[in-house]
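Trainee: Got a minute to go through this one with me? I'd like to take it piece by piece.

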Amino acid sequence: MTETRYRTEHRGWTAAGARRAAVIYPEIPGVSQRRRSPEARLEEAVGLAAAIELDVVHAEAVRLSKIVPATLLGGGVVERLKGLCAALETELLIVDASLTPVQQRNLERDIDTKVIDRTGLILEIFGARARTHEGRLQVELAALTFQRSRLVRSWTHLERQRGGLGFIGGPGESQIEIDRRLIDERIVRLKKELEQVARTRGLHRKAREKVPYPVVSLVGYTNAGKSTLFNRLTDSTVMAKDMLFATLDPTMRKLDLPSGRTAILSDTVGFISDLPTDLVAAFRATLEEVRAAQVLIHVRDISSSEAEVEKADVEQVLSTLDIDPQTVMLEAWNKTDLLPEGALEPVEARAAAARDGEDDPDAFAISAAKGDGLAALLSAIDTALARFRETRRTEIPAEDGAALAWLHRFGDVLEHETDEASGVQTVIASLDPGDWDRYAQRFGYPATVLE
């Protein structure tokens, strides 16, 4: 058995007095090697821990020769970790893998410290970060579904602590005695509340459809720079930090396009590898905004050594959302300002080749932080949304110049003829379906769809 020691900078994420934690990434035979490197996976795990202000005092990747069913880790590793945690006075051991309830209980007993796995850590982050009522309901549902399977033997209660969900809390803090029956009852109530939230969201969507604007959604791996891009494009101040899962609750703002048209830009929760299935299911209502979008912008951290693996992780999550095949996908290769010297030109060349090729999606090299490349991206969004326009014929009295000007402003006027005898203007124009509805409501002139 070999061990890879790893040290990482905290980037100023942790707060003074933060709880001390150790992070272990087990290199499981036949699993770890086919995805990202152990160093990258360990750095991500440390970032997850730092995202909730844990002070990571030790981190290492441990290569396993085989899986031990009782503890996942071998006996020698467990014994060494016990001494390590005692010497470093850690309050928490994070195992960046999926542990069974029995493995988690045995590790806590053998190492004599609190142990949580990757799923518990991600849920803890979501529990601390969710701000909206819907977000809190979604996270609690995912947490209870996860904890329900953890009620084994001595696990007869769920522990709660501060803004989190109780995975990190320990004996001595406020505890809620709960059994499987009470969890099931709470899960039923949460699902009913979320159904009501989904109905309300549906009503809001229908209200938007009365004055509809096309929806453009940002998706991508966590910390790819979605919120920074969102702020840059919409002149907003959504929280954007160099931190995993800085944004959880969806945000929507008006997006002004080069053509003068208006769209709605949606910023969504970032994805991550091995995202807990229960969490994806719980956030399904929120992710419906992604399904409603005409254009998806996949924001990628092109400076990351794991950019291709992260792309695959995002595409895997998107594949579970039943995205409309007509939805246009664009890629924004972000953080070009962080590329090493000499790497920018090849990246821009690859993006240009992707746009020139026949395969989708088109790619654009950008820096959301500096604003580089955004004009081309906005133009591509404009062009993509034009695919959803309808061509219609309408007749306008000659004296109504306002209606004609409106069509020129919000659409493309393809033909324009005036009958001198009747004084009627016949106009063929291409507009979004919603713009045609606004045209009819504002001016009262019918418009016939052309095949």
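**Sheets, cores and confidence**

Mentor: Start with β14 (residues 390–397) and β16 (residues 424–431), which pair in the antiparallel sense over 8 bridges. This is a predicted model, so keep that in mind throughout.

Trainee: Which residue stands opposite R392 in β16?

Mentor: A429 is the residue across from R392.

Trainee: And what is the strand order of the open sheet of 4 strands?

Mentor: The order is β15-β16-β14-β17, with antiparallel pairing. At the edges are β15 (412–419) and β17 (447–449), each paired on one side only. From one strand to the next, the twist averages 20°.

Trainee: Which strands does helix α13 touch?

Mentor: Helix α13 (residues 401–410) packs on that sheet and touches β14, β15 and β16. The direction of α13 makes about 20° with that of β16. Helix α14 (residues 433–443) lies across β14, β16 and β17, and runs at about 15° to β14.

Trainee: Okay, other sheet. What is the order in the open sheet of 6 strands?

Mentor: That one reads β9-β10-β8-β11-β12-β13, and its pairing is mixed.

Trainee: Why is one side of β9 and of β13 left without a neighbour in the sheet?

Mentor: Both β9 (251–256) and β13 (362–365) stand at the edges with a single partner strand each, so one side of each has no neighbour in the sheet. Ignoring direction, neighbouring strands here are turned by 25° against each other on average.

Trainee: In which sense do β8 and β10 pair, parallel or antiparallel?

Mentor: Parallel: β8 (residues 215–220) and β10 (residues 262–267) are joined over 4 bridges. Within that pair, V216 stands opposite L265 in β10. On the same topic, helix α11 (residues 344–356) packs on the sheet, touching β12 (328–334) and β13. The direction of α11 makes about 155° with that of β13.

Trainee: Now the inside. Which residues of the largest nonpolar core touch the most other members?

Mentor: V23, L54, I94, L121, F271, V290 and L318, out of 39 residues in that core. Elements that each supply at least two of its residues include β2 (20–27), β3 (55–63), α4 (118–129) and α10 (307–318). Helix α1 gives the most to this core, with 6 residues.

Trainee: How many residues are in the second, separate core?

Mentor: There are 26, including V216, F230, V295 and L385. You met V216 already, opposite L265 in β10.

Trainee: Zooming out, how many helices and strands does the chain have?

Mentor: It has 14 helices and 17 strands. Of the 451 residues, 53% are buried. Among contacts between residues at least 6 apart in sequence, 72% join residues at least 24 apart.

Trainee: And how much area does the chain expose?

Mentor: About 21,200 Å², of which carbon and sulfur atoms supply 49%.

Trainee: Last thing, confidence. What is the average pLDDT of the chain?

Mentor: The chain averages 80, and 79% of the residues score at least 70. Residues 152–163 have a pLDDT below 50, and beyond near neighbours in sequence that stretch has 40 contacts in the model. Residues 171–176 are also below 50, with 12 contacts in the model beyond near neighbours in sequence.

Trainee: Thanks, I'll go back over both sheets with that in hand.

Terms used. Residues numbered from 1 in each chain as written. Predicted model: local features only at pLDDT ≥ 70, side-chain atom pairs only at ≥ 80, totals over all residues. Heavy atoms only, no water. pLDDT = per-residue confidence, 0-100. Contact = heavy atoms within 4.5 Å. Pairing = 2+ DSSP bridges. Axes fitted to C-alpha atoms, helices over the stretch in contact; angles between N-to-C directions. Core = buried A, V, L, I, M, F, W, Y, C linked by side-chain atoms within 4.5 Å. Buried < 20%, exposed > 50% of the residue type's maximum accessible area, 1.4 Å probe, protein only. Areas by Shrake-Rupley, 256 points an atom, 1.4 Å probe, with all protein chains shown as cover.
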